[in-house]
Amino acid sequence: MVANLPPATGFLAEIRQDGGRPLAPVFASLGRRATLRKRTGDQSLRTVLLHSGAPDGAHAHARGRTLVLAGELYNRAELLRLLPGRALPGSDAAVVLALFDLYDVHAFRLLNGRFAALVAAPGRAVLATDHAGSVPLYVSAAPGRVLAATEAKALRDAPGGRPVAARPVRGLPGTHQVPAGTVLDVDVATGTCGAHRTWAPSPARRTMPEEEAAGAVRRALERAVRVRAGEGTPLVVLSGGIDSSGVAALAARRAAGRIDTVSMGTEEAHEFAQARVVAAHIGSAHREVTIPAAELLRRLPHTVWAAECPDADIVEYLLPLTALYLRLGDPGRRVLTGYGADIPLGGMHREDRLPELDTAVCRDMDTFDGLNEMTPVLSAVGGHWSTHPYWDRDVLDLLVSLEAGLKRRHGRDKWVLRAALAGVLPHEVVVRPKLGVHEGSGTASSFTRLLTDAGVPGDRVRHAKALVVRELFDLVVAGGRHPDEVVTGAVVELVTARLASGTRPAPTRLP
């Protein structure tokens with residue numbers, strides 16, 4: 001087993017009373033595969049696990065129930081205290097199943113983790129996501145069968161399912177994405193289901209003195225980094241901005257030796273100089289990866305394939321990360337990132353008026369779900385496991401709930417985070433203005449130039465990007481094409497023709 005990785009990073013599970021033909025397991029994630037078969041009453045469970053060498057740690061069976069878990073828990077010690085008088089479970093999957101025995105679906109309200117889970121019980125299929133839906137989970141349900149997978153493409157050939165209380169997936173009729181912080185309780189015989197919310201971002205706001213707020217943020221983030229760092233040497237993706245630099249500095253403080261850091265850029269733009277300042281300050285083993293802009297754009301199909309997201313803005317953010325993970329080599333790394341801090345802190349917004357800033361935070365927290373910004377598949381296409389301390393449940397609860405004046409203060413965005421990290425980072429890093437990864441790496445400008453060079457007018461570039469990403473989604477997720485078979489430039493030509501003619505060219509014309 002790769003000790004630094006969870007036992008399983010993904011799965012395809014089929015609970016059947018109908019005896020139908022099993023689906024072929026199709027994943028973008030790399031990993032070894034193991035097949036689990038269980039029988040409970042009149043229904044069978046077949047699961048294909050993507051595992052790191054010890055698949056038994058990814059499932060548990062007791063009292064006629066089987067639980068399958070992709071991912072990991074971050075509050076295991078606290079959870080074990082809820083199981084007095086019992087033999088302590090040996091795996092995260094066993095912990096969750098023991099809690100399910102006590103609390104049923106409400107057990108998932110207790111978990112702070114990065115996971116997708118399925119419980120097969122007599123007559124029931126219970127599907128659950130973590131608080132942020134950071135490991136996506138998809139379902140296709142019909143009378144006599146429930147199919148679930150951590151990648152939608154694995155359900156592409158599923159027979160049509162009935163509507164459930166979840167978001168339909170573009171181009172995959174009958175397949176739905178389980179919402180973040182939600183449990184779906186499905187009656188296998190009928191295919192009907194009920195939904196239970198296990199987490200939601202707080203609409204209330206907390207007022208705290210500056211020093212108290214900064215200390216609370218620092219302590220929460222320290223713990224989130226510590227529980228994610230693992231036993232080996234973590235790798236931190238470092239841009240030199242406050243978000244990634246804070247994660248790297250806190251990881252370095254708790255590590256026994258030097259941590260590894262890596263920065264990515266193109267010949268067009270990079271943040272190497274800023275990252276070097278942080279790497280020198282924390283004493284990390286640092287490297288820089290330059291990816292030519294042409295190669296970066298060739299990875300657009302791979303990013304859509306991994307993220308399974310049709311939103312062009314999000315794909316543009318995720319493209320440089322996917323390209324980096326594919327370049328890293330040395331599979332099996334545990335990767336920490338600073339991704340996601342801007343959402344609860346309003347970091348991409350520059351509103352000085354606090355009502356507008358809090359409105360922006362509310363909007364971003366209401367609309368993050370289903371965009372798959374945190375999906376581990378982005379790194380799993382290179383055989384790695386990524387995790388994001390800013391989206392730890394306790395960190396997120398705190399950051400979201402702080403009043404807007406702590407997020408925009410003294411003329412600075414994300415003020416409370418900057419104050420929390422002032423004692424661990426150089427001053428120039430603490431005060432450095434925000435720059436998105438898609439900007440600092442040259443991704444946004446390269447994508448724009450690809451379209452304008454193809455003849456797209458400047459005022460239609462944003463729309464053209466949306467069309468390109470949707471075409472790619474239809475090809476590599478809904479259509480089943482491998483991204484190596486899809487040429488980004490050919491898709492751009494089709495989109496350019498569509499814009500010029502007002503018609504939609506058929507994807508099958510792609511070389």
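Reader: What makes strand S8 and strand S11 paired strands in this predicted model?

Author: Two bridges join strand S8 (residues 138-142) to strand S11 (residues 176-177), and the two run antiparallel. The criterion for pairing is at least two bridges between the strands. The two bridges of S8 and S11 therefore satisfy that criterion. Within this pair, Tyr 138 stands opposite Gln 177 in S11.

Reader: What makes S8 and S9 partners?

Author: S8 and S9 run antiparallel and are joined by five bridges. Val 139, for example, has Ala 148 in S9 as its bridge partner. The two strands form a hairpin with two residues between them, and there Gly 144 takes a positive phi near 90°.

Reader: Which strand pairs with S9 over five bridges in addition to S8, and in what sense?

Author: Strand S1 (residues 8-16) pairs with S9 in the antiparallel sense over five bridges. Here Arg 16 stands opposite Arg 145 in S9.

Reader: Why are S2 and S10 described as standing at the edges of the sheet?

Author: The open sheet has seven strands in the order S2-S3-S1-S9-S8-S11-S10, with antiparallel pairing. Strand S2 (32-40) and strand S10 (167-168) each have a single partner strand, so one side of each is left without a neighbour in the sheet.

Reader: How do you know that strand S9 is mostly covered?

Author: The term buried applies to a residue under 20% relative accessible area. In strand S9 (residues 145-149), five of its five residues are buried.

Reader: Which residues show that both faces of S9 are covered?

Author: In a regular strand the side chains alternate between the two faces of the sheet. On one side of S9 lie Arg 145, Leu 147 and Ala 149, and on the other lie Val 146 and Ala 148; all are buried.

Reader: Why is the protein chain called as compact as a globular protein of its length?

Author: The protein chain contains 18 helices and 20 strands. Its radius of gyration is 22 Å, close to the 24 Å that the globule rule gives for 511 residues, so the chain is as compact as a globular protein of that length. Along the principal axes, the C-alpha trace spans about 65 × 65 × 45 Å.

Reader: What share of the protein chain is buried, and what share of its contacts joins residues 24 or more positions apart?

Author: Buried residues make up 61% of the 511 residues. Among contacts with a separation of 6 or more, 68% are between residues 24 or more positions apart.

Terms used. Residues numbered from 1 in each chain as written. Predicted model: local features only at pLDDT ≥ 70, side-chain atom pairs only at ≥ 80, totals over all residues. Heavy atoms only, no water. Helix = DSSP H or I, 4+ residues; strand = E, 2+ residues; numbered from the N terminus. Rg over C-alpha atoms; globule rule 2.2 N^0.38 Å. Buried < 20%, exposed > 50% of the residue type's maximum accessible area, 1.4 Å probe, protein only. Contact = heavy atoms within 4.5 Å.
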